[in-house]
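Visitor: I would like to learn how to read a fold, step by step. Could you take me through one?

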Amino acid sequence: LRIIFLGRITRSKNILGALEMVSKLDSDVIFDIYGPIQDEECWEKCKRRIQSLPPNIKVRYKGAVEPNNVTDLFGCHDLFLFPTSYESFGHVVIESLSAGCPVLISDRTPWMDLEEQQAGWVVEYSNIDRFRQLLAIISEMGPQEYALYSNKAIEYANRMAGDSTVIDAHRRLLCHET
């Protein structure tokens, strides 16, 4: 299972929680972390946790990403894990979906219908056991089932990109309109 986390390295993005979530997986995992380190104390805790992970879980910190490389990065991974404590929109979620990379995110984003759309999974922020359960299920998916989620992720992203209500809400958010 190739997992990606892409976001600022801060407590609010819950990268330490993401490391805890993958820590109990029995399958082989490559977990790539991308993003600028903005909270050194948080990153030090992450590094200590990474050192204690079992050998089947390989974590690689890859640093910040140029915006024009984001889609390619998501396309090289099986899952975007993003257990964030808050997102007003979550641009990174739609970027992942548009690259065909299903998402496993917290319920602290506006992307609440992912399971219904078969584009990913939404879990209550504090329910680490449910995150772990879904990670185990995803890691056991066969190619056909995974392809279904990947294709549905792309379809969902394309629908959202053409939805005028989403576009208008996004414009208001970025332009600080009321």
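Guide: We will go from the sheet to its strands, then to a helix, the core and two single residues. Please keep in mind that this is a predicted model.

Visitor: Let's begin with the sheet. In what order do the strands lie, and is the pairing parallel or antiparallel?

Guide: To read a sheet, walk across it from one strand to the next and note the direction of each. Here six strands form an open sheet, in the order β3-β2-β1-β4-β5-β6, and the pairing is parallel. Its edges are β3 and β6 (residues 120-123), each of which pairs on one side only. From one strand to the next, the twist averages 20°.

Visitor: Which helix packs on the sheet, and which strands does it touch?

Guide: That is α1, which touches β1, β2, β3 and β4; its direction makes about 175° with that of β2.

Visitor: How should I look at a single strand, say β1? Why is it largely enclosed?

Guide: Look at burial, then at the partners. Four of the five residues of β1 (residues 2-6) are buried, so the rest of the structure largely encloses this strand. The chain goes from β1 through helix α1 (residues 15-22) to β2, and this β-α-β crossover is right-handed.

Visitor: How many bridges join β1 to β2, and how many join it to β4?

Guide: Five bridges join β1 to β2 (residues 29-34), with L6 standing opposite Y34. Two bridges join β1 to β4 (residues 79-82), and there I3 stands opposite L79. Further across, β5 and β6 run parallel and are joined by four bridges; S106 faces V123 in that pair.

Visitor: Now a helix. How do I read which way its residues point?

Guide: An α-helix has 3.6 residues a turn, so residues three or four places apart point the same way. Try this on α4 (residues 91-98), where V92, V93, I94, S96 and L97 are buried.

Visitor: What covers those buried residues of α4?

Guide: The cover includes β1, α3 (70-75), β4, β5 (103-106) and α6. Just after α4, look at the backbone of G100, which takes a positive phi of about 80°.

Visitor: And the core? Which residues have the most contacts inside the largest one?

Guide: The largest nonpolar core has 56 residues, and F31, F80, L81 and L104 have the most contacts inside it. Helix α6 (residues 143-161) provides the largest share of this core, with six residues. Take F31 as an example: beyond its sequence neighbours within four places, its contacts include I3, I4, F5, V59 and L81.

Visitor: Can we compare two residues from the strands? Is D32 buried or exposed?

Guide: D32 lies in β2 and is buried, with a relative accessible area of 3%. Setting aside residues up to four places away in sequence, D32 touches I3, I4, F5, R60, K62 and H77.

Visitor: And where is Y61 found?

Guide: Y61 is in strand β3 (residues 57-63). With a relative accessible area of 33%, Y61 is partly exposed; the buried class ends at 20%.

Visitor: What does the side chain of Y61 reach?

Guide: It reaches the backbone oxygen of G35 at 2.6 Å. Apart from residues up to four places away in sequence, Y61 touches I9, I33, G35, P36, I37 and W43. Y61 and F31 are 30 residues apart in sequence, yet their C-alpha atoms are 8.5 Å apart in space.

Technical notes
Residues numbered from 1 in each chain as written. Predicted model: local features only at pLDDT ≥ 70, side-chain atom pairs only at ≥ 80, totals over all residues. Heavy atoms only, no water. Buried < 20%, exposed > 50% of the residue type's maximum accessible area, 1.4 Å probe, protein only. Pairing = 2+ DSSP bridges. Right-handed = clockwise from strand over helix to strand, strands pointing away. Contact = heavy atoms within 4.5 Å. Polar contact = N/O pair within 3.5 Å; in protein donor to acceptor, adjacent residues only side chain to side chain. Core = buried A, V, L, I, M, F, W, Y, C linked by side-chain atoms within 4.5 Å. Axes fitted to C-alpha atoms, helices over the stretch in contact; angles between N-to-C directions.
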